[in-house]
Amino acid sequence: MSCYSRLKKSFAQAPRLPLDSRTKYVLFSDCHRGTGTSNDNFLKNRNLYSAALQYYYRAGYTYIELGDGDELWENRSMKQITIAHGDIFRLLSLFHERRRLYMLYGNHDMIKKGRRYTVKNCSTYPCCCGNNPHLDNRPLFPDIKFHAGIILEASGSKDIYLTHGHQCDLFNSTLWRISRFLVRYVWKPVERYGVLDPTSAAKNYTRRKKTEQRLLRFAKKENVILITGHTHRPTLSEDDLCYCNSGSCVHPYSITCIEIEGLHISLIKWCFETKPDMSLRVARQVLSGPFILNRKV
């Protein structure tokens, strides 16, 4: 199956959500939440991510995660991840309670596409409540389904197709189990010595460029706006809105996301800033946009 065919299949039965002047979506990707150890690349930006979630929850946004939310190639246990980041999952569960949470799976959490796995591992999260030192399981996503793609249906402009983007790479889609084995048992142990995974689109420039070119060709052929993650390179340009990328939550000193508010789209960075009194604050910075969507692009 070709890259184009895999992408088409991802949207064949995709949920369709409305996109109009009243809707508000925030798109995150590639959080790679880990187990809180030195290999947990999400850990350094956890406070930024928590602050961003609280902001979007209060502002009435619907949260859409474009895959690779949890690092399930390097780690075997989803339970260990929820224990390490219980406060994060509590915030996500608030979105879910109000029907403002949608999840996609990527190559690093491909196992979530199986309903049996999600029922067993993604229904509750451990929570230590009050003065009780013992962990108590609380509802997380009791009826959640992880999708391959989502379509935002617009009136007067192109539809927006959301997916992770791993479909353009054979080793990260069809042969993902082989890649998971290599990451878990080969690249993870040597990563601490500075050796980068050559199969990763995020760490290999040549592979990343080819992946982005394939995604752009798909968007133009289908005449849609395609928003993905996977490559970790945030992308939003008014000159070519066909392909956009939300970036990741594992950048060295920041996290990035895409906001769609009404019929406008923006690329956002969350980072720490130093105030004049030398204290630190969490800052929301607009990297690109807002660009209007309600026109033929």
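In which strand does Thr 228 lie? In this predicted model, the place of Thr 228 is strand β10, which covers residues 225-228. Thr 228 is buried, and its relative accessible area is 0%. The chain brings distant parts of the sequence to this residue. Thr 228 and Leu 66 are 162 residues apart along the chain, yet their C-alpha atoms are separated by 6.6 Å. Leu 66 is also a contact of Thr 228, once residues up to four places away in sequence are set aside. The other contacts on that count are Thr 163, His 164, Gly 165, Leu 215, Tyr 243, Cys 244, Asn 245 and Ser 246.

The overall fold was examined next. The protein chain has 297 residues, of which 52% count as buried. Its secondary structure comprises seven helices and 14 strands. Among contacts with a separation of 6 or more, 68% are between residues 24 or more positions apart. The accessible surface of the chain is about 14100 Å². Carbon and sulfur atoms hold 50% of that surface.

Strand β8 (residues 149-154) offers a further case of pairing across the sequence. Leu 152 lies in this strand and is buried, at 0% relative accessibility. Its C-alpha atom is separated by 4.9 Å from that of Leu 17, although their positions lie 135 residues apart along the chain. Leu 17 is in contact with Leu 152, as are Leu 19, Tyr 25, Ile 64, Asp 159, Ile 160, Leu 162 and Ile 260, leaving aside neighbours within four places in sequence.

Strand β8 also carries Glu 153. Arg 16 forms a salt bridge with Glu 153, and the closest N and O atoms are 2.9 Å apart. Arg 16 belongs to strand β1 (residues 16-19), so the pair ties together parts that are 137 residues apart in sequence. Both ends of this bridge are partly exposed: Arg 16 has a relative accessible area of 46%, and Glu 153 has 35%.

The interior was then divided into nonpolar cores. The largest has 37 residues. Within it, Phe 28, Tyr 49, Tyr 56, Tyr 63 and Leu 92 touch the most other members. Helices and strands both supply this core. The helices giving two or more residues are α2 (46-58), α3 (78-84), α4 (86-97) and α6. The strands doing so are β2 (24-28), β4 (101-104), β12 (254-261) and β13 (264-274). Another core, of 24 residues, lies apart from it. Its members include Ile 64, Leu 66, Ile 150 and Ile 227.

Tyr 63 was followed in detail. Neighbours within four places in sequence were left aside. Tyr 63 is then in contact with Val 26, Phe 28, Cys 31, Arg 33, Tyr 49 and Leu 53, among others. Its contacts also include Leu 92, Phe 95, Arg 100, Leu 101, Tyr 102 and Met 103.

Not every nonpolar side chain is hidden. Leu 170, Phe 171, Ile 178, Phe 181, Leu 182, Tyr 185 and Val 186 form a nonpolar patch on the surface. Together they have about 610 Å² of accessible area. Ile 178 lies in helix α6, residues 176-191. It is partly exposed, at 45% relative accessibility. Helix α6 is also among the elements that give two or more residues to the largest core.

Charged pairs were counted across the model. There are 14 salt bridges. One of them joins Arg 22 to Asp 20, with the closest N and O atoms 3.8 Å apart. Arg 22 is exposed, at 71% relative accessible area, whereas Asp 20 is partly exposed, at 24%. Lys 112 and Asp 109 form another salt bridge, with the closest N and O atoms 3.3 Å apart. Both of these residues are buried. Lys 112 and Asp 109 are also linked with Arg 33, Glu 65 and Asp 70 in a network of salt bridges. Arg 33 is also one of the contacts of Tyr 63.

Cysteines were considered last. The structure holds zero disulfides. Why does Cys 244 form no bond with the closest cysteine sulfur? That sulfur belongs to Cys 242 and is 8.5 Å from the sulfur of Cys 244, which is too far for a bond. The cut-off for a disulfide is 2.5 Å. Cys 244 is buried, at 0% relative accessibility. Cys 168 is buried too, at 2%. Cys 244 is also one of the contacts of Thr 228.

Notes
Residues are numbered from 1 along each chain as its sequence is written. This is a predicted model: local features need pLDDT of at least 70, side-chain atom pairs count only at pLDDT 80 or more; totals for chains, interfaces and linings use all residues. Side-chain values use heavy atoms; hydrogens and water are left out. Buried means under 20% relative accessible area, exposed over 50%, partly exposed in between (1.4 Å probe, protein chains only). Patches are made of residues with over 30% relative accessible area and no salt bridge: like charges are joined within 9 Å, nonpolar side chains (Val, Leu, Ile, Met, Phe, Trp, Tyr) within 5 Å. Accessible areas come from the Shrake-Rupley method with a 1.4 Å probe; for residues, only the protein chains shown count as cover. A salt bridge is a side-chain nitrogen of Lys or Arg within 4 Å of a carboxyl oxygen of Asp or Glu. Helices (H or I, at least four residues) and strands (E, at least two) are DSSP runs, numbered from the N terminus. A nonpolar core is a set of buried Ala, Val, Leu, Ile, Met, Phe, Trp, Tyr and Cys residues joined through side-chain atoms within 4.5 Å. Contact means heavy atoms within 4.5 Å.
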